[in-house]
Amino acid sequence: MPERPEWKAPAPLPPAPDGKLRGVLGGTALYDQPRHAEARARLDAFVAGETPLAVEIGFDHGMRILDHARRWPDIQWLGLEIRKRRVAAAAPHAPPNCLLWRADARTIFTQLLPPGRVSWVYILFPTPTENPRHLLLTPPFVAGVERSLAPDGAVYHATDVQGLHEHAAGLFAGWPDAPMPPMGPVLSRRERVCARDGLPIYRLCRKRPLPEGE
Ligand SMILES: C[S@@+](CC[C@H](N)C(=O)[O-])C[C@H]1O[C@@H](n2cnc3c(N)ncnc32)[C@H](O)[C@@H]1O
């Protein structure tokens, strides 16, 4: 098997002077614009209530999240994906407990999800980009995940890129191990490739660190 090039996280972008996240699709003020009010209201309605909420980031063709939503109808499944065509192709197949949305997960986690609302976050084989503007796993994003997770919620990350796993492990250092979230038999596209080609998969599943003093 050919050797895979080592991946190292790109140097982070300097913080924006207004404190907003750099590089995110449409900018962090996107959902303040009236033309996105309807989409935002749809998200707010979808995440309202206390039904457990699972979020899959970068669902690609959506096979996995669609299967999970049918398999676990008592969970709300939110899928976030930045590629317009993927979302347009998958969204018509979503059952009522599944919302597939074209959105940048970094904005949604840092700004739109209600604090403490999410039971499980699935980050499956994120792109090992060398462009800091496109990097998903950064300290502000992890702070957004921490903000959005329920006290017993968990984040699950899987990758076949060792450097990316080490990067994630560094960002989630201090987060205790958590039980695995619901996992059906349908694998993501990349996980199928890894199984086919015998590539190693590095996984971590962590829960929020306890607030200091607890
Ligand atoms: C390498 S692919 C992996 C796809 C799928 N999760 C899998 O395991 O096969 C990464 C996916 O994440 C999407 N993506 C990248 N950055 C994203 C972001 N900030 N928010 C939402 N989706 C993102 C990409 O469009 C792409 O579909």
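A polar contact here is a pair of N or O atoms within 3.5 Å. Keep that cut-off in mind. This is a predicted model.

Start with the ligand. D104 has a polar side-chain atom 2.9 Å from a nitrogen atom of the ligand. That is a polar contact, because the cut-off is 3.5 Å. Next, the ligand's oxygen atoms. The side chain of R83 places an N or O atom 2.9 Å from one ligand oxygen. For S188, a polar side-chain atom lies 2.7 Å from an oxygen atom of the ligand.

How much of the ligand's accessible area does the protein cover? On its own, the ligand has 590 Å², and the protein covers 89% of that. The space the ligand takes is the largest pocket.

Which elements give two or more residues to the shell? They are strand 2 (76-81), helix 4 (105-112) and helix 7 (189-197). In total, 17 residues surround the ligand. The closest are G58, E81, L124, S188 and R190. By class, the shell has seven nonpolar, seven charged and three polar residues.

Now the aromatics. Across the whole structure, a search finds six aromatic pairs. One to look at is Y31 with W101. Their ring centres are 5.3 Å apart and the planes sit at 50°, so this pair is tilted. Where are the two residues in the chain? Y31 is in the segment before helix 1 (37-47), and W101 is in strand 3 (residues 98-102). They are 70 residues apart, so the pair links distant parts of the chain.

How values were computed
Residues are numbered from 1 along each chain as its sequence is written. This is a predicted model: local features need pLDDT of at least 70, side-chain atom pairs count only at pLDDT 80 or more; totals for chains, interfaces and linings use all residues. Side-chain values use heavy atoms; hydrogens and water are left out. A residue is near a molecule or strand if one of its heavy atoms lies within 4 Å of it. A polar contact is a pair of N or O atoms within 3.5 Å; within protein, one must be able to donate a hydrogen and the other to accept it, and residues adjacent in sequence count only if both atoms are side-chain atoms. Accessible areas come from the Shrake-Rupley method with a 1.4 Å probe; for residues, only the protein chains shown count as cover. On a 1 Å grid over the protein atoms alone, a cavity is a set of points where a 1.4 Å probe fits but cannot get out, and a pocket is an open set with protein on both sides within 12 Å along at least five of seven lines; lining residues have an atom within 4 Å of a point. A molecule sits in a cavity or pocket if more than half of its atoms lie within 2 Å of its grid points. Helices (H or I, at least four residues) and strands (E, at least two) are DSSP runs, numbered from the N terminus. Ala, Val, Leu, Ile, Met, Phe, Trp, Tyr, Cys and Pro count as nonpolar, Asp, Glu, Lys and Arg as charged, and the others, Gly among them, as polar. Rings of Phe, Tyr and Trp (its six-membered ring) pair if their centres lie within 6.5 Å; planes under 30 degrees apart count as stacked, over 60 as edge-to-face and the rest as tilted.
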